[in-house]
Amino acid sequence: TPQTVTLTGVDDPSVDGSIAYTIVTAATTSTDTNYAGLNPTDVAVSNTDNDSYQLSIAKTADGAEPSTNGKFTVTVTPTNTSGAAVTGTVAYSGTATKDTDYTAPTSFSIANGISTATLDFTVKDDTVIESTETVIATISTPSVGTITPTAAATANLADDEVAPSYQ
């Protein structure tokens, strides 16, 4: 009679993907000559991983004219051990205008063995009198994992021009 054998994997926090194993069988020992010496076929099994990378973004520093650059940090949890970089795209919005008020990268890359990537936005000084503006960075399309809990972060970009005073 066929028998069912249940194998239960031990949960761990590692993101290591599903791992294939082989259960190696050997010749049976039995006093029943119908079964003695039979060697069943080895059994291929897979341990399905239930862990995944979580990505988020946070403001690290505000920017200010004339030359104080702002910064965002993209974090992957747990630390990237995928064997390749975790990559994704970055889009910008807010009251500051990309390529007019600042320049910034449109992608991120978190190297294997690392947990963060820094996104600097480079402030472009101008002579326009304006109030403090916002730079909103939104991450998307990660190569692995999901974005949670935060897909967007907001930094300020302060102006250095002074409005004239009239008396």
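## Burial and overall form

Of the 167 residues in the protein chain, 22% count as buried. The model is a predicted one. Its C-alpha trace spans about 110 × 20 × 20 Å along the principal axes. The radius of gyration of the protein chain is 28 Å, whereas a compact globule of 167 residues would have one near 15 Å.

The protein chain exposes about 10300 Å², and 53% of that area is supplied by carbon and sulfur atoms. The chain carries 4 positive and 19 negative charges, and the mean positions of these two groups lie 11 Å apart.

## Secondary structure

The protein chain holds 12 strands and zero helices. Read from the N terminus, its elements therefore run β-β-β-β-β-β-β-β-β-β-β-β, where each is a DSSP run. Contacts between residues at least 6 apart in sequence can be sorted by their separation: 64% of them join residues at least 24 apart.

## The sheet with β12

One open sheet has five strands in the order β4-β12-β10-β6-β8, with mixed pairing. Its edge strands are β4 and β8 (residues 107-110), each of which pairs on one side only.

Strand β12 covers residues 152-158, and in the sheet order β12 stands between β4 and β10. With β4 (residues 63-64), strand β12 pairs in the parallel sense over two bridges. With β10 (residues 133-140), strand β12 runs antiparallel, and six bridges join the two. Leu157 of β12 has a residue opposite it in each of these strands: Gly63 stands opposite Leu157, and Glu133 also stands opposite Leu157.

The side chains along β12 alternate between two faces. Ala153, Ala155 and Leu157 point to one face and are buried. Ala152, Thr154, Asn156 and Ala158 point to the other face and are not buried.

## The sheet with β9

Another open sheet of five strands has the order β7-β9-β5-β3-β11, and its pairing is mixed. Here the edge strands are β7 (residues 102-103) and β11 (residues 146-147), and each pairs on one side only.

Strands β7 and β9 run antiparallel and are joined by two bridges. Within this pair, Tyr102 stands opposite Val123 in β9.

## The loop around Thr127

The loop between β9 (residues 116-123) and β10 holds Thr127. This loop links a strand of one sheet to a strand of the other: β9 belongs to the order β7-β9-β5-β3-β11, and β10 belongs to the order β4-β12-β10-β6-β8.

Thr127 counts as exposed because its relative accessible area is 73%, and the cut-off for exposed is over 50%. Thr127 and Val162 are 35 residues apart in sequence, and their C-alpha atoms are 9.6 Å apart in space.

Definitions and conventions: Residues numbered from 1 in each chain as written. Predicted model: local features only at pLDDT ≥ 70, side-chain atom pairs only at ≥ 80, totals over all residues. Heavy atoms only, no water. Buried < 20%, exposed > 50% of the residue type's maximum accessible area, 1.4 Å probe, protein only. Helix = DSSP H or I, 4+ residues; strand = E, 2+ residues; numbered from the N terminus. Pairing = 2+ DSSP bridges. Rg over C-alpha atoms; globule rule 2.2 N^0.38 Å. Contact = heavy atoms within 4.5 Å. Areas by Shrake-Rupley, 256 points an atom, 1.4 Å probe, with all protein chains shown as cover. Lys, Arg positive; Asp, Glu negative; His and termini not counted. Charge placed at Lys NZ, Arg CZ, Asp CG, Glu CD.
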